Amino acid sequence: MALTRSRISIALAFFIPAFLSGCQSTQSSGKDTEQAEKVSIDSNPFPSTYTPIEGQPTVITNVTVIDGIGNKIDNGMVYFADGKIQAVGKDVDYPDGATVIDGQNKWVTPGIIDNHSHLGVYPSPGIGSLSDGNEMTKPVTPGVWAEHSVWPQDAGFARALAGGVTTLQILPGSANLFGGRSVVLKNLPSRTMQDMKFPDAPYGMKMACGENPKRVYGQKGGPMTRMGNVRGYRQAWADAQDYMRKWEKYESETAAGKQSKAPKRDLDLETMAGVLKGDILVHMHCYRADEMVTMMDMMKEFDYQISSFHHAVEAYKIADKLAQNNVCASMWADWWGFKMEAYDGIRENIPMVDKAGACAIVHSDSDIGIQRLNQEAAKAWSDGQRAGIDISMADAWTWLTANPAKSLGIFDKTGSLEEGKNADLVLWTGNPFSTYTKAEKVYIDGGQVFDLNDPRMQPQSDFEVGQSAQGENQ
Amino acid sequence: MKNLIIAAALASAGFAGSVLAQNIAITGGKIYTQTDQGVIENGTVLIRDGNIESVNTGSAVPQGYRQYDARGKVVTPGLVGAMTSLGLVEVESWAGLVDASVGDASVSHSGAALDVSYAINPDSTVIDVSRIEGVTSAATTISYTDYLFQGQGSVISLNESAEIIRPRAFTVLDVSGDGAEQSGGSRAALWVTLERLFDEAAALSEVPGLNSVWEGLNTRADLEALQRILSGEMPLIMEADRKSDILQILAFKSRHPEIDIVLMDAAEAWRVADQLAEADIPVIMNPEMNLPDSFEAIGASIENAARLAQAGVRIAVGMETHNIRLATQHAGNAVANGLSHEQGIASLTSHPASILGVSDRVGSLAAGKQADVVIWSGDPLEVTEYAEQVFIQGQPIDMESRQTQLRNRYQNFYEQEKNTSQYIQP
């Protein structure tokens, strides 16, 4: 279908407000003008309105520090102010007037980052009217954005915060070959998704291997096999390449002052073109080792990078190849057997991936699991030790913060306690590798958002307000 | 690696001397007896002929016992999986028949007659995966039916033959909204149906013979099961989360005082904890369920287990199949949120055993009980601790599963990878 000039103008009105006010665009949408305005696309139409809550310059002393990049400091100190980590070490300078917290017998770590959550898109209560995580209408829907399904009143956000989760990626479900865009959120319970949206975090795109797409679409026009899945991905990537070339041609022609007609926008292909340009990170649900290798071949064929496989229950079988291809594996500690592609799960998956030099990540994919990701890492750490894989607790903590931050393209901002990073951190009541340890204080950008001992610092969603039965908040 | 070698040595040592009447002494451990003996800081468990002979303070061992050194370690009864489908499912989804899921079967109108004791597969890999982590027996039953009742479950041992400790040991009945979906889509239909089914069973002194015409609500097979429930012989495990549903269960109990009722799931049970304690209704639960995941669980709380136990309700923890091994973590998190450690251990051992009617054989380390014993590296409720050696009916089990073998296979592969071959050797 040809794109009419008036449609271009409508697009203009919405997508380049910086160049045209709505009023001007209305005028230009009137009748034929000889020279069409240059069409450019707003890559950020739902911008973050996140504002850090105000914090005090704070120093935690006498504390066991895990800095998130492999170091553990006994009797250490962490000083943060102005939303940033200012100093970490055995003994650091801090100004008079800073709030001093005695961390005796406690541990401090970077805030946990869960790169696989469906909070908000599959919220509590888990009822059909709020079930917005899977656009199961056709197998290729990269044009849907999870952020448009996020319900900020999901009580799960606050529960995850109590578990020390400061940042999380909300993904669409795994029914589709291309499930749509993800969004990275700060776990600061807020009125809107935009208020939680992590500023300047790249978008992700969800893809899915294996059983789910073929099960969902096998009787609905396909794909019904794994080979059908791969045909589906590859045709879509080929279409995305073609789409990208059309826009490149348009850009170069208009740059050369030539009259050129903008290609019709296609929201599905636009997301995929974002991947091909390196702006959007691929997160791919994939369990089986052999399938992951096929996906990495496809990644080379179409010249994009898979940021992380998710679930990756068989990652241990190809950990060397994950390392070679610089692809992370985001995993559970011990889930297995609920379907055939999860049948070969072993408890040592995470440490074996780490040992091979690949990027290992602990993820939740669960509104219960996200509340205790530290325990998932602890189990995997212990299982590795038993199997002769000697990884320090400090290195194991990279599975919870640095590596997921890398997979989300935000490690320059968060994921470790290093000078200049966002002050996203958790003070634990003790060693977070223990079942009995809890997050005591949680800070995001230096502002305290949770306190185990202060009910006023334990957020509650609108949904829970005024219910005669309130379990958690009393 | 050292621990692995020790574990392997322990396992092979156990097997080398494995004979039926092996006498075993587990010495020097911190022993949770789950009996009046309480916790013994430094004690010895003596095992003879597959049963517990005695549990003693100190490390004295008579002649003729193979010794397992448990100094610095923790010894507990084998864990009793409170609610699983072990032996009824290998892979849950889309991978062949799952005996834990039952559709329409003409033998039953209500589901009461279904009986899993015919369906248990001892060769399921899930059994090995579970038992090497300390689960030595378990309730196993149907997890899904189109019926009101979910059939009659069994309690099995996780020994080589998955021996049935108690067939037709309990019946599960879902009276939550999910259960009502199977009965006209409303509790208004579910409870009337339920009462009529029981009325009919109660009105008959015996199940009508094959020579008589029978056109009741229940089939003959269903009547047999319901009569065993009515007599109190077979516990009725009723699933509900919402307070009002739990109050209906309490009312049902007062109408049918002979029925042995157990509550399961029970998100809002803490709100009626005193009444549950008063009516002596125990609870099978996953204490980590703290989200308002439906309008029936608005009151879900991480402190549910602690509040119930505080009121005097017996709780059992462990509702999983493939990961029933994580029951220790679930109980640990209940302890992290107010449950006493003693209750945490009981929720995995003596409580499920008594709730399921098998405490004469499992769930505690008392003389004469089946010797299901676990030596743990430390506190079993700590996520970093693990079962070092498991004994079932007095036999030290092979501490391997398909999972440990897959691990070994790939660890070996990486060690040999420098040989450049991609061939995965057996």
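**Exercise 1. Determine how strand S8 of chain A is joined to strand S9 of chain A, and place the two strands in their sheet.**

Solution. In this predicted model, strand S8 (residues 178-186) and strand S9 (residues 204-208) of chain A run antiparallel and are joined by four bridges. To fix the register, take Phe178(A), whose bridge partner in S9(A) is Met207(A). The next step is to widen the view to the sheet, which is open, consists of eight strands of chain A in the order S6-S7-S8-S9-S10-S11-S12-S13, and has mixed pairing. At the edges stand strand S6 (112-117) and strand S13 (360-362) of chain A, and because each has a single partner strand, one side of each is left without a neighbour in the sheet. From one strand to the next, the twist averages 25°.

**Exercise 2. Check whether the span of helix H8 of chain A agrees or disagrees with its number of residues, then describe its buried residues and what covers them.**

Solution. Helix H8 (residues 289-301) of chain A has 13 residues, and at 1.5 Å a residue it should span 18 Å, a value that agrees with the 19 Å between its end C-alpha atoms. Turning to burial, for which the cut-off is under 20% relative accessible area, the buried residues of H8(A) are Ala289(A), Glu291(A), Met292(A), Met295(A), Met296(A), Met298(A) and Met299(A). Their cover includes strands S9, S10 (281-286) and S11 (306-311) of chain A, together with helices H6 (226-255) and H9 (319-325) of chain A. Beyond the helix, H8(A) is followed by Asp303(A), which has a positive phi near 60°.

**Exercise 3. Describe the hairpin formed by S15(A) and S16(A), including its turn.**

Solution. Begin with the pairing: strand S15 (residues 439-444) of chain A and S16(A) run antiparallel, with four bridges between them. Within this ladder, Val442(A) has Phe450(A) in S16(A) as its bridge partner. Two residues lie between the strands of the hairpin, and in the turn Asp445(A) adopts a positive phi of about 50°. As for cover, four of the five residues of strand S16 (residues 447-451) of chain A are buried, so that the strand is mostly covered.

**Exercise 4. Work out the strand order of the eight-stranded open sheet of chain B, and find which helices lie on its strands.**

Solution. The order is S6-S8-S10-S11-S12-S13-S14-S15 (chain B), and the pairing is mixed. Strand S6 (79-84) and strand S15 (315-317) of chain B form the edges, each pairing on one side only, while the twist averages 25° from one strand to the next. Inside the sheet, strand S8 (residues 135-140) and strand S10 (residues 149-157) of chain B run antiparallel and share four bridges; here Ala139(B) has Val155(B) in S10(B) as its bridge partner. Helix H6 (residues 243-255) of chain B lies across strand S12 (236-240) and strand S13 (261-265) of chain B, at about 155° to S12(B). Helix H8 (residues 304-311) of chain B also packs on the sheet, where it touches strand S14 (283-285) and S15 of chain B, its direction making about 165° with that of S14(B).

**Exercise 5. Assess whether the radius of gyration of chain B agrees or disagrees with that of a compact globule, and characterise the chain as a whole.**

Solution. For 426 residues, a compact globule would have a radius of gyration near 22 Å, and the 23 Å of chain B agrees with this. The C-alpha trace of chain B spans about 65 × 50 × 45 Å along its principal axes, and its secondary structure comprises twelve helices and 18 strands. Of the 426 residues, 59% count as buried.

Methods: Residues are numbered from 1 along each chain as its sequence is written. Chains are lettered from A and ligands numbered from 1 in the order in which they are written. This is a predicted model: local features need pLDDT of at least 70, side-chain atom pairs count only at pLDDT 80 or more; totals for chains, interfaces and linings use all residues. Side-chain values use heavy atoms; hydrogens and water are left out. Two strands pair if DSSP finds at least two bridges between them. Axes are lines fitted to C-alpha atoms, for helices over the stretch in contact, and angles run from 0 to 180 degrees between N-to-C directions. Contact means heavy atoms within 4.5 Å. The radius of gyration is taken over C-alpha atoms; the globule rule is 2.2 Å times the number of residues to the power 0.38. Buried means under 20% relative accessible area, exposed over 50%, partly exposed in between (1.4 Å probe, protein chains only). The expected span of a helix is 1.5 Å times one less than its number of residues.
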